[in-house]
Amino acid sequence: MNNTKNQVNLSLLLSTLFLGYVIVYIDKLSVGISIISISKDIPMTESQKGLILSAFFIGYAIMQVPMSFAINKFGAKKVLIWSVFMIGVFDFIFSFSQTVTMLLAIRLLTGMLAHSGYPSASSKEIIDNFPIERRTFAKGILISSSGIAGVVGPILLSPIIDKYNWKFAYVLLTILAIAASFIIARGIPTPNKQSIEVAEEDSEKVSLLKIWKNRNIWTLFAAAFFVNSLLYGINNWLPSFLTSQRGITLTQSGVVSSCVGVFSLVGAIGGSYIVSKFFSEKDTIVIMIMATIGSSLVFLSYYVHSLVLFILVLGLATLSMTVAFVTLMTIPLKVFTGKHFAPSYSTISTGGILGGATAQIIIGALVDSSETYLSAFIYFFALGILAALSLAFLKKGAEHY
């Protein structure tokens with residue numbers, strides 16, 4: 001009976017964390033979907049679009065490590081509630097933006113004060129509540145929310161933006177985020193007083209400099225940088241590419257993005273299950289192979305003009321890259337525990353966030369200078385190869401992580 005109750009609690013916990021992640025990922029994708037409509041009201045260049053997309057990631061990166069200490073100090077649950085609630089607050093403010101500068105500032109603050117704590121806090125809940133053999137699959141379920149967001153986000157937002165406007169869409173996102181924050185407050189168990197006291201005591205002892213001396217953290221940092229550069233580069237620039245280069249409407253591009261999101265969903269859930277069951281000791285090889293395959297397919301998709309075939313090729317590419325990302329981000333869940341987890345995970349995650357930030361700026365500059373997206377797709381291919389090569393520097397054996 002007690003075991004069954006535990007299973008139900010774990011299911012509720014995972015479902016609640018999953019809901020929060022759906023909000024997080026929809027918000028991440030929202031600007032990529034709405035930027036076309038926003039640029040009609042607030043004129044901007046492709047490079048400025050890239051800066052707006054990047055501002056979020058820059059803010060996100062700045063606060064990753066500080067938020068890890070907030071998690072140790074205040075507990076993961078409080079950080080999770082704060083993160084999702086503040087997404088709603090900033091989305092509401094974003095809907096009143098009238099200048100490029102205001103758009104930049106609000107997205108910077110959204111990354112800094114809203115999104116930065118969620119990944120580490122949710123992962124902390126996993127390592128605190130799930131046995132080690134179930135953590136890869138649990139993390140895969142959470143990351144599969146990117147697939148759900150990739151399906152629901154474009155289908156939800158693109159028609160609303162087309163029919164009404166982007167401001168109305170952000171008011172809707174505000175309502176969804178604030179509602180989700182209240183559900184998270186009810187769905188995640190509150191740690192007992194003893195656990196909080198232990199966390200506060202541990203947070204005083206952790207040495208960030210000692211953690212940063214671990215070479216493998218920086219190897220994983222680099223791999224996360226390259227993988228996320230590719231994933232977020234594709235997600236955020238796909239609507240612009242499809243509408244400007246393929247000549248389809250924003251609503252149609254939303255359908256394409258949603259179809260690709262299904263592949264991401266399959267990659268996160270199916271990939272995490274297969275890797276945890278059959279390749280649990282082959283993490284590095286899985287990441288290297290899937291990153292190479294994924295980036296090669298992304299490059300190939302540029303030359304595919306049939307929309308159905310384009311969805312298939314880019315979908316398989318996204319599936320491959322999602323498997324690589326899930327596998328990469330579950331390595332810390334297996335090897336870091338207690339007071340060392342949040343700062344270690346946040347450092348590695350910062351690499352991914354910086355990848356997302358720089359990708360937006362670089363792609364915008366490449367498209368502006370070359371007046372074609374081919375240069376961006378060459379860049380995507382290079383990122384996958386670099387992700388695979390970076391893992392060659394990873395020391396073998398969990399004891400070295």
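Gly140 is buried, at a relative accessible area of 0% (buried means under 20% relative accessible area, exposed over 50% and partly exposed in between, with a 1.4 Å probe and protein chains only). This glycine belongs to helix α6, residues 132-143; helices (H or I, at least four residues) and strands (E, at least two) are DSSP runs numbered from the N terminus. The model is a predicted one, in which local features need pLDDT of at least 70 and side-chain atom pairs count only at pLDDT 80 or more, while totals for chains, interfaces and linings use all residues. Residues are numbered from 1 along each chain as its sequence is written, and side-chain values use heavy atoms, with hydrogens and water left out.

Leaving aside residues up to four places away in sequence, Gly140 touches Ala268, Ile269, Ser272 and Val326, where contact means heavy atoms within 4.5 Å. Its C-alpha atom lies 8.7 Å from that of Val323, a residue 183 positions away along the chain. Helix α14 (residues 307-335) contains Thr322, which is buried at a relative accessible area of 4%. With the same sequence neighbours left out, up to four places away, Thr322 touches Leu231, Ser264, Gly267 and Ala268. Ala268 is thus listed among the contacts of both Gly140 and Thr322.

The protein chain has 16 helices and zero strands. Of its 401 residues, 57% count as buried. Among contacts with a separation of 6 or more, 85% join residues 24 or more positions apart. The chain exposes about 16200 Å², of which carbon and sulfur atoms supply 69%; accessible areas come from the Shrake-Rupley method with a 1.4 Å probe, and for residues only the protein chains shown count as cover.

Two salt bridges are present in the structure, each defined as a side-chain nitrogen of Lys or Arg within 4 Å of a carboxyl oxygen of Asp or Glu. In one, the side chains of Arg107 and Asp27 meet at 3.3 Å, N to O. Arg107 lies in helix α4 and Asp27 in helix α1 (residues 2-41), so the pair ties together parts that are 80 residues apart in sequence. Arg107 and Asp27 are both buried. A salt bridge also joins the side chains of Lys124 and Asp128, at 2.9 Å, N to O. These two residues are four apart in helix α5 (residues 118-129) and therefore separated by about one helical turn. Lys124 is buried at 13% relative accessible area, whereas Asp128 is partly exposed at 48%.

On the surface, Phe92, Ile93, Phe96, Met102, Val171 and Ile175 make a nonpolar patch of about 510 Å². Patches are made of residues with over 30% relative accessible area and no salt bridge, with like charges joined within 9 Å and nonpolar side chains (Val, Leu, Ile, Met, Phe, Trp, Tyr) within 5 Å. Helices α3 (76-94) and α8 (166-187) each supply at least two of the patch residues. Phe96 is found in the loop between α3 and α4 (100-115) and is partly exposed, at 48% relative accessibility.

The pLDDT, the predictor's confidence in each residue from 0 to 100, averages 80 over the protein chain, and 89% of the residues score at least 70. Among the elements, α3 has the highest mean pLDDT (93) and helix α9 (residues 193-205) the lowest (49). Over residues 1-8 the pLDDT stays under 50. Where pLDDT is low, the predicted coordinates should not be read in detail.
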